[in-house]
Amino acid sequence: MSANLAKATINYKDLIDVASKLFEGEGLSNADANIIAEDLVAANLRGLDSHGISRIPMYLERIRRKVVNPQPNITIKNITPAVSLVDGDDGMGFLAAHKAMDEAVRLAKQSGIGLVGVRRSTHYGMAALYVKQAIEAGYISLAYTNSSPAIPPWGGRSTFLGASPFAAGVPGGKEVPYVLDMAMTVIARGKIRLAATHGEPIPPGLALDSEGAPTTDAKKAFEGVCLPFGGAKGSALAMLMDLLAGVLTGANYAGEVKSLYFDHSEPQNVGHLFVAIRPDLFVPQEEFEDRMDNFVNKTKEVPLAQGFDEILIPGEPEERTAIQRLKNGIPLTSEVIQSLCEEGTRQGIDLFSIFDNAK
């Protein structure tokens, strides 16, 4: 297979093992490597392949260039009974973000609400990871982050604001929970990168090239600017993400967050802000769960518009994809497999045999 790599479908556990080995090979502890591997594969399971294992080579390159700390000393400073600040020590953002959400939940358990800022972090992958973490603990949550410049302020032509995904989670009772994860762009920038990798065009209206002209060329789009969703409204929300996750926390902001792909001059200093809320603050827990179930059921009973078969709650399509991929495996393109195998070869790890045995 090494001479003619083909696309394949691989079991999620095998993919976690591959990812974990590669991160350990660049100096991460076994525990930290496993956390990041599971998070990346979780994105693939949910169908967000742009935020999954395709990003491993980029992450490893940043570790090798010493702009990401493979063994960070992540610290937590309590500010008030309901507020803490996490210093990510320039480590992988996944690690700082999980610690921050754990801390937000801990604060909310005792104070009703927990607010945790994070600075000196890096890109933290799929934002849904952290609101799902809170849901599993039984808490409502909000997750804000800023990111490297990807979109212009409304009316501008050069990158300044990040795509900065916003995520929110509300646990349900017997019905599905609410899981929102959305970037401030018309389409996630990672999806444009993936299209560029595969040499595929993108639909019109998503991006401008470096000269400020509309383009359907994914490579030119990735080197240019993404457009905010909803025009001025999306731009305004991207500003809010930068204000709350960057200005407030002491992290980089206003275009200062370093590019994941093009800038290895120094650490990113990404900022995050997490909020956890106890769901029984205003009504008893059982009543809250009943009200959530009632909301979901009433939503799904709304008469359907033409062309629709059903109404889905945010996060529900991704959970359905995850169920299917857990059962049938995760599809990978030949380009992604090639990139992982090349990383393995660099570290003296034979990954070709794993993909050779995949379906």
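**Close-up views of a predicted model**

**View 1. A nonpolar surface patch.** Leu237, Leu240, Leu243, Val247 and Tyr253 make a nonpolar patch of about 410 Å² on the surface. The model shown here is predicted. One of the patch residues, leucine 240, sits in helix H8, which spans residues 232-247. Leucine 240 has a relative accessible area of 36%. Patch members need over 30%. Exposed residues need over 50%. Leucine 240 is therefore classed as partly exposed.

**View 2. A tilted aromatic pair between two strands.** The model holds eight aromatic pairs, counted with ring centres within 6.5 Å. In one of them, tyrosine 144 meets phenylalanine 166. The ring centres of tyrosine 144 and phenylalanine 166 are 5.2 Å apart, and their planes make an angle of 50°. That pair is tilted. Tyrosine 144 belongs to strand E5 (residues 140-145). Phenylalanine 166 belongs to strand E8 (residues 166-170). The pair therefore ties together parts that are 22 residues apart in sequence. Both tyrosine 144 and phenylalanine 166 are buried.

**View 3. A tilted pair with an exposed ring.** Tyrosine 261 and phenylalanine 262 also form a tilted aromatic pair. Here the centre-to-centre distance is 6.3 Å, and the planes are 55° apart. Phenylalanine 262 has a relative accessibility of 54%. The cut-off for exposed is over 50%, so phenylalanine 262 counts as exposed.

**View 4. An aromatic cluster.** Tyr124, Tyr130 and Phe274 come together as one aromatic cluster.

**View 5. Positive phi at lysine 66.** Most residues other than glycine have a negative phi. Lysine 66 has a positive phi, near 65°, and is not a glycine. Where does lysine 66 lie? Lysine 66 is in the loop between helix H3 (56-64) and strand E2 (75-80). Is lysine 66 buried or exposed? With a relative accessible area of 71%, lysine 66 is exposed.

**View 6. Positive phi at serine 164.** Serine 164 is not a glycine, yet its phi is positive, at about 35°. Serine 164 is placed in the loop between strand E7 (161-162) and E8. Strand E8 is also the strand that holds phenylalanine 166 of the pair with tyrosine 144. The relative accessible area of serine 164 is 1%. Buried means under 20%, so serine 164 is buried. Lysine 66, by contrast, is exposed.

Technical notes
Residues numbered from 1 in each chain as written. Predicted model: local features only at pLDDT ≥ 70, side-chain atom pairs only at ≥ 80, totals over all residues. Heavy atoms only, no water. Patch = residues over 30% accessible without salt bridge, like charges linked within 9 Å, V, L, I, M, F, W, Y side chains within 5 Å. Areas by Shrake-Rupley, 256 points an atom, 1.4 Å probe, with all protein chains shown as cover. Salt bridge = Lys/Arg side-chain N within 4 Å of Asp/Glu carboxyl O. Helix = DSSP H or I, 4+ residues; strand = E, 2+ residues; numbered from the N terminus. Buried < 20%, exposed > 50% of the residue type's maximum accessible area, 1.4 Å probe, protein only. Phe/Tyr/Trp six-rings, centres within 6.5 Å; stacked < 30°, edge-to-face > 60°.
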